[in-house]
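User: I have a structure open and would like to go through it piece by piece. Can you help me read it?

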Amino acid sequence: MAQPGVIHIDETETKDALDTPWNVIVFNDPINLMSYVTLVFQRVFGYPRDKAERLMLEVHNRGRSLVWSGGHERAEHYVHQLHSYQLLSHMEKSS
Amino acid sequence: MNALRVRAVNQKQLCISGIDPLMAVCLQELPQILELRDRVRARLFPSPTTDDAIANREWQESITPELRHLFVSAGEAVARDLTRLKPTPRNANCSSITFPAAHRSAWMSALNQARLILSELFGVDEIDMNVPYHSLGEAKGVAVIKIDLFGTLLHRLVQRELNSRPRNGRKRPKHKRQKRS
């Protein structure tokens with residue numbers, strides 16, 4: 001209950017919250033070839049072959065992998081790119 | 001299938017050779033398979049988030065039509081290329097096809113779309129991909145054979161590009177011409 005003379009302000013989204021990074025997650029798919037997923041990571045993110053293969057194996061073995069983290073607009077761009085290669089992916093706010 | 005090969009004819013053209021009769025038949029079916037893409041919209045056009053209904057709706061309205069156009073264009077380019085599929089002169093059991101190197105991404109997209117469409121339509125999962133075809137029943141077994149065949153060709157195209165890229169992802173340094181003293 002609010003006390004007289006005390007003003008309560010609802011929590012609003014602060015700059016920190018707006019700056020919270022977004023994660024781009026890729027999910028495993030039994031159909032997409034491992035070599036194809038590796039190539040897509042190289043094409044979309046410009047990752048070197050070793051990193052692309054490591055992330056691909058993480059998707060394959062763990063079912064998902066965080067492949068990129070950063071600003072909202074870039075995250076949206078990367079999800080768009082990944083969908084254009086038919087990879088199952090989405091973006092979520094970093095916790 | 002061991003004879004299947006992707007090679008550059010020149011800087012502007014690629015050739016797929018060693019296409020056996022089964023692969024040739026499946027490739028001829030590729031355009032019809034791609035026409036079924038709207039029956040598997042959830043897989044080909046997924047949402048970008050799990051919990052933001054507004055963002056997902058905006059995505060479906062603005063991005064999905066663009067992606068669909070991209071997928072359709074890739075399929076049309078491959079369908080046109082497939083009209084050039086012809087028997088190899090010295091081996092009537094094999095066919096080959098030459099197409100613009102600029103269509104390589106379209107080929108990858110079309111082959112991958114077809115694999116995903118077939119897997120969704122026939123409920124193919126990871127286990128199905130690892131058991132003998134005949135144990136799956138006729139319809140699903142044939143679908144898995146096509147998924148495998150398209151996968152073999154897609155892998156050849158992918159390997160060709162992976163092998164042409166430097167492992168560290170950086171561009172190869174240009175060799176400086178050394179001055180002669």
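Analyst: The questions and answers below go through the chains, their contact, a helix pair and a few residues.

User: Before we start, what kind of model is this?

Analyst: It is a predicted model.

User: OK, chain A. What is its secondary structure?

Analyst: Chain A has four helices and three strands. From start to end of the sequence, they come in the pattern α-β-α-α-β-α-β.

User: And how much of chain A is buried?

Analyst: Of its 95 residues, 33% count as buried. As for contacts in chain A with a separation of 6 or more, 68% are between residues 24 or more positions apart.

User: What about chain B, what is its secondary structure?

Analyst: Chain B comes to five helices and four strands, and its pattern along the sequence is β-β-α-α-α-β-β-α-α. Buried residues are 25% of the 181 residues in chain B. For contacts with a separation of 6 or more in chain B, residues 24 or more positions apart account for 65%.

User: What box do the C-alpha atoms of chain B fill?

Analyst: Along the principal axes, that box is roughly 70 × 50 × 30 Å.

User: Now the contact between the chains. How many residues does it take from each chain?

Analyst: Chain B gives 29 residues and chain A gives 23 residues. On the side of chain B that touches chain A, the elements giving two or more residues are α3 (53–82), α4 (104–121) and α5 (138–164) of chain B.

User: Which one gives the largest share of that side of chain B?

Analyst: That is α5(B), with eight residues. By class, the side of chain B that touches chain A divides into 12 nonpolar, 11 polar and six charged residues.

User: Back to chain A. At what angle do the axes of α2 and α3 of chain A cross?

Analyst: Helix α2 (residues 34–45) and helix α3 (residues 49–62) of chain A cross at roughly 130°, and their axes come within 8 Å. The angle is neither over 145 nor within 65 to 115 degrees, so α2(A) and α3(A) are oblique to each other. The crossing of the two helices is right-handed.

User: Which residues of α2(A) and α3(A) make the contact?

Analyst: From α2(A) they are A:Met34, A:Val37, A:Thr38, A:Phe41 and A:Gln42. From α3(A) they are A:Arg49, A:Ala52, A:Glu53, A:Leu55, A:Met56, A:Val59 and A:His60. The residues of this contact are seven nonpolar, three polar and two charged.

User: Next, the largest nonpolar core. Which residues touch the most other members?

Analyst: B:Ala110 and B:Ala114 do, in a core of 53 residues. Apart from neighbours within four places in sequence, B:Ala114 is in contact with B:Leu30, B:Ile33, B:Leu34 and B:Phe150. In soluble globular proteins, nonpolar side chains tend to be buried together.

User: Two single residues to finish. Is A:Glu73 exposed or buried?

Analyst: A:Glu73 counts as exposed, because it has 9 C-beta neighbours inside 10 Å, and the cut-off for exposed is 12 or fewer. A:Glu73 sits in helix α4 (residues 72–84) of chain A. Between A:Glu73 and A:Trp22 there are 9.2 Å in space, C-alpha to C-alpha, with the two 51 residues apart in sequence.

User: And where is A:Gln86?

Analyst: A:Gln86 is in the loop between α4 and β3 (89–93) of chain A. Although A:Gln86 is not a glycine, it has a positive phi of about 65°.

User: Why does A:Gln86 count as buried?

Analyst: A:Gln86 has 24 C-beta neighbours inside 10 Å, and a residue is buried at 20 or more.

Technical notes. Residues numbered from 1 in each chain as written. Chains lettered and ligands numbered in written order. Predicted model: local features only at pLDDT ≥ 70, side-chain atom pairs only at ≥ 80, totals over all residues. Axes fitted to C-alpha atoms, helices over the stretch in contact; angles between N-to-C directions. Parallel < 35°, antiparallel > 145°, perpendicular 65-115°, else oblique. Left-handed = near helix turned anticlockwise from the far one by under 90°. Contact = placed C-beta atoms within 7 Å. Nonpolar A, V, L, I, M, F, W, Y, C, P; charged D, E, K, R; others polar. Core = buried A, V, L, I, M, F, W, Y, C linked by C-beta atoms within 7 Å.
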